[in-house]
Amino acid sequence: MGPDLLSKTCEISGEIQTVQPKDGRMKDFSNMHFLKGSLEEAMAIYLEVFEIKRICLGNDSDNVANTLNNVAHLMFTLGRKEKSLKPYGKLLRIRQLCQENDCLTVGVTLGNMDNVYIKQSNQAMART
């Protein structure tokens, strides 16, 4: 994250309403890069958005979880399947903490992790 953006974010972290529109525009910008196929640019923006959300909203925020999902999905798309398991794991922990094991988003996250293991030909982990 650029030092100017980080310092500005930290200055206004107590005013979440001010940060959210800026964050939303960044998310839209990362989605635009994703749709255009500029995946590395999209990743850089998603990671910056993740840091802003984490600082302002806390590690266990639903908004942080949504961005982790985007980061993990993009890593998977970029062929970084092994690396995608780390954000998926953090995402799963947040989902289980906030929404318990019977929530649909927990199942979706487990399914996404299963896809990674299948692509790695790790059938033992895919079955767990």
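Does R93 count as buried, partly exposed or exposed, and at what relative accessibility? In this predicted model, R93 counts as partly exposed, at 42% relative accessibility. A good place to begin is with the partner of this arginine. R93 forms a salt bridge with D60, and their closest N and O atoms are 2.8 Å apart. Because R93 belongs to helix α5 and D60 to the loop between α3 and α4, the pair ties together parts that are 33 residues apart in sequence. D60 is likewise partly exposed, with a relative accessibility of 32%.

A further bridge involves helix α5 as well. The side chains of D62 and R95 meet at 2.4 Å, N to O. Here D62 sits in helix α4 and R95 in helix α5, so that distant parts of the chain, 33 residues apart, are linked. The two partners differ in their surroundings: D62 is partly exposed, with a relative accessible area of 40%, whereas R95 counts as buried at 7%, a value under the 20% cut-off.

Within helix α3 (residues 39–57), R54 and E51 lie 3 residues apart, about one turn of the helix. These two residues form a salt bridge whose closest N and O atoms are 2.7 Å apart. An α-helix has 3.6 residues a turn, so residues three or four places apart point the same way. Both partners are partly exposed, R54 with a relative accessible area of 30% and E51 at 26% relative accessibility. In total, the model has 4 salt bridges.

Attention now turns to the interior. The largest nonpolar core has 14 residues, and those with the most contacts inside it are V64, L68, L85, Y88, L91, I94 and M113. Helices α4 (62–77), α5 (81–99) and α6 (104–119) each supply at least two residues of this core, with α5 giving the most, 5 residues. Leaving aside neighbours within four places in sequence, L91 is in contact with A65, L68, N69 and T109. Another core, of 7 residues, lies apart from the largest one and includes A42, Y46, V71 and L74.

Helix α4 deserves a closer look. This helix has 16 residues and reaches 23 Å from its first C-alpha to its last, close to the 22 Å expected at 1.5 Å a residue. Its buried residues include V64, A65, L68, V71 and L74. At the N-terminal end, S61 caps α4, a side-chain oxygen of S61 lying 3.0 Å from the backbone nitrogen of N63. After the helix comes G79, whose phi is positive, near 90°.

How values were computed
Residues numbered from 1 in each chain as written. Predicted model: local features only at pLDDT ≥ 70, side-chain atom pairs only at ≥ 80, totals over all residues. Heavy atoms only, no water. Core = buried A, V, L, I, M, F, W, Y, C linked by side-chain atoms within 4.5 Å. Buried < 20%, exposed > 50% of the residue type's maximum accessible area, 1.4 Å probe, protein only. Helix = DSSP H or I, 4+ residues; strand = E, 2+ residues; numbered from the N terminus. Contact = heavy atoms within 4.5 Å. Expected span 1.5 Å × (residues − 1). Polar contact = N/O pair within 3.5 Å; in protein donor to acceptor, adjacent residues only side chain to side chain.
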